Amino acid sequence: MTTTTPPTLAIPGQLLGPASRYQPGPGTHLHESNLHASLVGQVHITQPARALGPAKRLTKITPAPAPAELPTLSVTPATQLASAPSREKKKREVLPEVGNVVLCRVIRITPRQAVVAILVCGDTVLEAEWQGLIRVQDVRATEKDRVKIYESFRPGDVVRAEVISLGDQTNYYLSTTRNELGVISAVSEAGNTMVPVSWKELMDPKSGLMELRKVAQPQ
Amino acid sequence: MNDRRRINGPAGATLAPFFDDAAPQDLDTRSTRSRPPNATRKLLLKTGVTPSASGSAYLEIETSAKPGLSGLKLSCSVHGPRALPKSAPFSPHIVLSTHVKYAPFATQQRRGYLRDSSERDLGIHLETALRGAIIADRWPKSGVDIIVSIIEGDQDRETSKLQGDEVWDMMNTLSGCITVAAAALADAGIDCVDTVAGGVAALVQDADDGSAPSIAVDPIPSEHKRILAACCVAYLPTRDEVTNLWFRGDLPASDLDLYTSLVGHGIQASKNANRVLIDCLSGTVG
């Protein structure tokens, strides 16, 4: 049993392999120390990233190999049926998770928070629109008490933010407390797309006027 | 509840007169079961039938050779996972909502456009059956709608309205609903611990001579003289777990093992349906 390789195609509930040899990835679940599929699709085995460069000489006793050494098994749903080529490529729904970097648009601002609509999660465009909230204390890491929401975001801005909590019933809680997070695209009051000037200023290239924002570091 | 939005026909619907020249004794002939007692009817299952839904499936149960006896035709669509409405409280797991609706023309007695109590009942049973199979915490703060439409009910058109209890039909319908919803959920890509399928077993009495009742799997109520008890089981084969059990009827108190045996036969029927389900799902990835 332990020597068998996992199947290439999986059906929910199908046994994929023992948990002592594989790590559970997306589309799988653990049951009685065995990995089972939880989706219909193809099974992928991802080998763990090997340590770069020559391994250090062991000068002290290390604990047993970390579980991260094991290859990860995941099941990805079949995206397109060969029998139905006309059918649009079906995307699987994705949910924002804690730690994900998302792109969102500011809907409205209040002195305490900015309400945003989450549009993109990681690399995937979301099907449904999820609402997020950037609270005034999550805008930047320093001088939190001097943050003013209207000097950081305006409605219509596109913001890169990180999910910090699933939040309450309606909102995900987002944060822009890192350099690379913040406003990435905004239009000025005159309606021109602005360019970043500093970490808290954007400039309208036509009129030369400055506007205050929590600007994301260009990448 | 009255349906005020549509123009419905009169409440007391009548059937067109039907004149039958057959001799009176012919009226009472019931079709008898031709399958062995432990054989289920053939199933057809297909996924991905509704393009606009995130997942969908269609199930058809073999129509028996007798004309006028229709099989079961079910269509299921799964919408979501999607954001919960703003008024809903925070939920760390997926919120299932199941709707089972007979099409107005599905059964002999015309159904209304609003769900009645038996349809709501089926929905609740279906929800319990599926909740045991879904890994709900993979999708926090989201909801999924599972809508099963019964296009054709499992009914003998020749039996009169008064004859036969509709509840036994509901058992077969529920088992079909569970199987079709499991296929649609898998098509939608919602994480499940296993493929759940439904099965029905019944304790039937075919003769009036006081002979011992026997257990039949996947019963058609019109093929049996009397159904004493029936159970509908939703079963996970890999885990060997039952997620929903609906039992109805009376068992003779003398035989205590009968109940276990009845449930066991229900599980057997569910395993048969599961084989079809797995074949259908393997076809979509292969």
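A salt bridge here is a side-chain nitrogen of Lys or Arg within 4 Å of a carboxyl oxygen of Asp or Glu. By this rule, the count over all chains comes to 15 salt bridges. The model is predicted, so to speak with care: local features need pLDDT of at least 70, side-chain atom pairs count only at pLDDT 80 or more, and totals for chains, interfaces and linings use all residues. Residues are numbered from 1 along each chain as its sequence is written, chains are lettered from A in the order in which they are written, and side-chain values use heavy atoms, with hydrogens and water left out.

**Exercise 1. Find the salt-bridge partner of Lys101(B) and place both residues in the fold.**

Step 1. The partner is Glu119(B), with the closest N and O atoms 3.2 Å apart.

Step 2. Lys101(B) belongs to strand β4 (residues 95-102) of chain B and Glu119(B) to helix α2 (residues 117-131) of chain B, so the pair, 18 residues apart, links distant parts of the chain. Helices (H or I, at least four residues) and strands (E, at least two) are DSSP runs, numbered from the N terminus.

Step 3. Accessibility comes next: buried means under 20% relative accessible area, exposed over 50%, and partly exposed in between (1.4 Å probe, protein chains only). Lys101(B) is buried at 19%, and Glu119(B) is buried at 0%.

**Exercise 2. Work out how Arg131(B) and Glu127(B) are placed along helix α2 of chain B.**

Step 1. The two residues form a salt bridge whose closest N and O atoms are 2.2 Å apart.

Step 2. They are separated by about one helical turn, because they stand four residues apart in the helix.

Step 3. Glu127(B) counts as buried, with 18% relative accessibility.

**Exercise 3. Describe the salt bridges of chain A that involve Glu180(A) and Asp157(A).**

Step 1. Glu180(A) pairs with Arg178(A), and their closest N and O atoms are 2.7 Å apart.

Step 2. Glu180(A) is partly exposed at 22%, and Arg178(A) is partly exposed at 32%.

Step 3. Asp157(A) is linked with Glu211(A) and Arg213(A) in a network of salt bridges.

**Exercise 4. Characterise the interface between chain B and chain A.**

Step 1. Count the contacts (heavy atoms within 4.5 Å): 34 residues of chain B are in contact with 33 residues of chain A.

Step 2. Turn to buried area, the accessible area (1.4 Å probe) that two parts lose on being put together, summed over both. The chains bury about 2,700 Å² between them, 60% of it on carbon and sulfur atoms.

Step 3. Check for charge pairing: the count between chain B and chain A is zero salt bridges.

Step 4. See which elements of chain B take part. On the side that touches chain A, β3 (73-83), α3 (166-188) and α4 (257-285) of chain B each supply at least two residues. The most comes from α4(B), with five residues.

**Exercise 5. Decide whether Ser270(B) is buried or exposed, and list what it touches.**

Step 1. Ser270(B) sits in helix α4 of chain B.

Step 2. Its relative accessibility is 0%, so Ser270(B) counts as buried.

Step 3. Leaving out residues up to four places away in sequence, Ser270(B) touches Ala197(B), Gly198(B), Gly199(B), Val233(B) and Tyr235(B).

Step 4. A polar atom of the Ser270(B) side chain lies 3.2 Å from the backbone oxygen of Ala197(B).

Key. A polar contact is a pair of N or O atoms within 3.5 Å; within protein, one must be able to donate a hydrogen and the other to accept it, and residues adjacent in sequence count only if both atoms are side-chain atoms.
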